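Okay, thanks for coming, everyone. Let me bring the structure up, and then I'll talk you through a few of its helices.

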Amino acid sequence: KEQGDKAGEGHAYSNLGIAYRRLGDFREAVKYHNQHLSIAKKLGDRAGERCAYGNLGNAYDSLGDFKQAVRYHNQFLSIVKELGYRARERCAYGNLGNAYQSLGDFKQAIKYHNQHLSIAKEMGDRTGEGCAYGNLGNAYASLGDLKQAVKYHNQHLSIAKELGNRAEEGCANSNLGIAYQSLGDF
């Protein structure tokens with residue numbers, strides 16, 4: 001602020017917002033991300049706007065305000081498409097899928113998780129692929145299509161094993177256990 005560096009000020013607000021989110025103070029995080037967004041808009045900094053919208057979407061997710069999260073994730077998606085940031089586009093689809101899952105709109109969640117999966121495959125991102133399969137499994141389980149849920153959770157498990165990711169392997173096994181229990185296959 002002292003030096004009149006508006007871009008630097010915007011980045012500082014972004015970092016403060018991220019820090020408050022990590023501390024669990026989501027309302028304070030929203031306040032700082034909004035200040036970053038305001039500066040980015042004034043400067044015409046599309047990359048800064050992208051960052052602020054993404055952070056706002058995540059903060060609203062953390063607050064449980066999924067309608068607001070969807071609003072900001074969509075704005076983030078629009079900018080990353082405009083800028084050609086394919087990896088960020090993948091991330092936006094995953095975030096939108098999770099927000100719609102939380103809203104109970106499982107068909108919309110599946111649509112976005114499939115887009116996340118498609119980009120992850122295109123990029124050769126096995127971790128992202130595994131994450132998308134796990135999210136698809138959860139969405140299908142929520143719809144009551146447990147056979148599809150099992151299929152996707154098995155794909156998630158396979159990738160987790162391939163990558164040696166024990167935490168994801170545990171998550172996939174847990175989700176498979178829940179799906180099989182719901183199917184009555186004890």
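I'll start with one helix alone, then go through two helix pairs.

Quick housekeeping: this is a predicted model, where local features need pLDDT of at least 70, side-chain atom pairs count only at pLDDT 80 or more, and totals for chains, interfaces and linings use all residues. Residues are numbered from 1 along each chain as its sequence is written, and side-chain values use heavy atoms, with hydrogens and water left out.

First up, α2, residues 26-43. Helices here are DSSP runs of H or I, at least four residues, numbered from the N terminus. How far should its 18 residues span at 1.5 Å a residue? The expected span is 1.5 Å times one less than the number of residues, so we get 26 Å, and the end C-alpha atoms are indeed 26 Å apart. Its buried residues (under 20% relative accessible area, 1.4 Å probe, protein chains only) include Tyr-32, His-33, His-36 and Leu-37. What do the buried residues of α2 pack against? They pack against α1 (6-23) and α3 (46-63). Right after α2 comes Gly-44, with a positive phi near 70°.

Now the α3 and α4 pair. Their axes, meaning lines fitted to C-alpha atoms over the stretch in contact, are 8 Å apart, and the packing angle is about 155°. Angles run from 0 to 180 degrees between N-to-C directions, and over 145 counts as roughly antiparallel, so that's what α3 is to α4. The contact, meaning heavy atoms within 4.5 Å, involves among others Tyr-53 and Leu-56 of α3 and Phe-66 and Ile-79 of α4. By class, that's 11 nonpolar, six polar and five charged residues. In that scheme Ala, Val, Leu, Ile, Met, Phe, Trp, Tyr, Cys and Pro are nonpolar, Asp, Glu, Lys and Arg are charged, and the others, Gly among them, are polar.

On to α5 (residues 86-103) and α6 (residues 106-123): the axes come within 8 Å and cross at roughly 155°. That makes α5 roughly antiparallel to α6. Tyr-93 and Leu-96 of α5 are among the contact residues, as are Tyr-112 and Ile-119 of α6. Here the split is 10 nonpolar, eight polar and four charged.

Last thing, α5 itself. Its buried residues, including Tyr-93 and Leu-96, pack against α3, α4 (66-83), α6 and α7 (126-143). And just after α5, Gly-104 takes a positive phi of about 85°.

Technical notes: Helix = DSSP H or I, 4+ residues; strand = E, 2+ residues; numbered from the N terminus. Buried < 20%, exposed > 50% of the residue type's maximum accessible area, 1.4 Å probe, protein only. Parallel < 35°, antiparallel > 145°, perpendicular 65-115°, else oblique.
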